[in-house]
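Colleague: Could we go through the charged pairs in this one together?
Modeller: Yes, let me put it up here and we can take them in turn.

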Amino acid sequence: MTYPADLQLEIRDDIAIIRLTRATKRNALSDALILALRDTFQNLPSTVRAAVIDGDGPHFCAGLDLAELKERDAGQGLHHSRLWHAALDLVQYGPVPVIAALHGAVVGGGLELASACHIRVADTTTFYALPEGSRGIFVGGGGSVRIPKLIGAARMTDMMMTGRVYNAEDGERAGFAQYLVAEGRAQEKAIELATRVATNAPLTNYALMHALPRIAEQPADHGFFTEALMAGIAQSAPEAKERVRDFLEGRANKVSKE
């Protein structure tokens, strides 16, 4: 497939590096860019085992491109939001784990995109905001579902009502990111993590991406049953059996605090 000028795909061995390249617009998400993200995850080569999403220039993504904000009626607005949902669902529930390399603005729709990723690495320039509340609009890219699962509904309410901005350090403590690194190191760390994640058994990664979030939403007895099904399926894979044999026969490293 071909890619628009505002998105680049680079394949390094079994890692896909997907870069937003609208630096002059702080990588604001146009409809064309949302569609390009959707198409990219739908068509990743089968050799790819993990992906990194990054933003060109000083910012990861400053959100919805307000230049495209149209006076839609209710039905048009609904369908536009569902377009974003379909695209970001392919990030969260697509074929491979996705690590976000965050820096600068992670704002509005940019935070919605980051929240659809499985692991988030932020550098010290990162800041988080949801300015939709002050602009008379509401999140529409899945943020009302995904972001409270990271930071809680009360924090999200505060951000949208008051315009509160979280810096990188406070954001990590609140739960926006799992890793905090020095300025300019987010992509390097994200690629390091993606390389590690790519070595996992594919079925285990699939279970973590697709089963674990759903188990977390189920009543406990349903969750236990789903867990048992997924555990049985994962351990039956030939690669899983081989890895367990390697451990039992001393060919695999034991867990240590290092």
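**Salt bridges in the predicted model**

Modeller: In this predicted model, K189 and E192 are joined through their side chains by a salt bridge, with N to O at 3.2 Å.
Colleague: Where do K189 and E192 lie?
Modeller: Both K189 and E192 belong to helix α7 (residues 186-197), where they are three residues apart, about one turn of the helix.
Colleague: And E192, what is its relative accessibility?
Modeller: E192 comes out at 45%, so it counts as partly exposed, since that class runs between the 20% and 50% cut-offs.
Colleague: Which residues are joined into one network by salt bridges that share partners?
Modeller: Those are D6, R22 and D65, which are linked into one network in that way.
Colleague: How many salt bridges does the count come to?
Modeller: The count comes to 10 salt bridges, and among them is the one between R146 and D89, whose closest N and O atoms are 2.7 Å apart.
Colleague: Which parts of the chain does that pair link?
Modeller: The pair links distant parts, with R146 in helix α4 (residues 143-151) and D89 in helix α2 (residues 74-92), 57 residues apart.
Colleague: Is R146 buried or exposed?
Modeller: R146 counts as buried, because its relative accessibility is 9% and the cut-off for buried is under 20%, whereas its partner D89 is partly exposed, with a relative accessible area of 34%.
Colleague: Switching to R164, what does it form a salt bridge with?
Modeller: R164 pairs with D158, the closest N and O atoms being 3.3 Å apart; R164 is partly exposed at 38% relative accessible area, and D158 is partly exposed at 24%.

Conventions: Residues numbered from 1 in each chain as written. Predicted model: local features only at pLDDT ≥ 70, side-chain atom pairs only at ≥ 80, totals over all residues. Heavy atoms only, no water. Salt bridge = Lys/Arg side-chain N within 4 Å of Asp/Glu carboxyl O. Helix = DSSP H or I, 4+ residues; strand = E, 2+ residues; numbered from the N terminus. Buried < 20%, exposed > 50% of the residue type's maximum accessible area, 1.4 Å probe, protein only.
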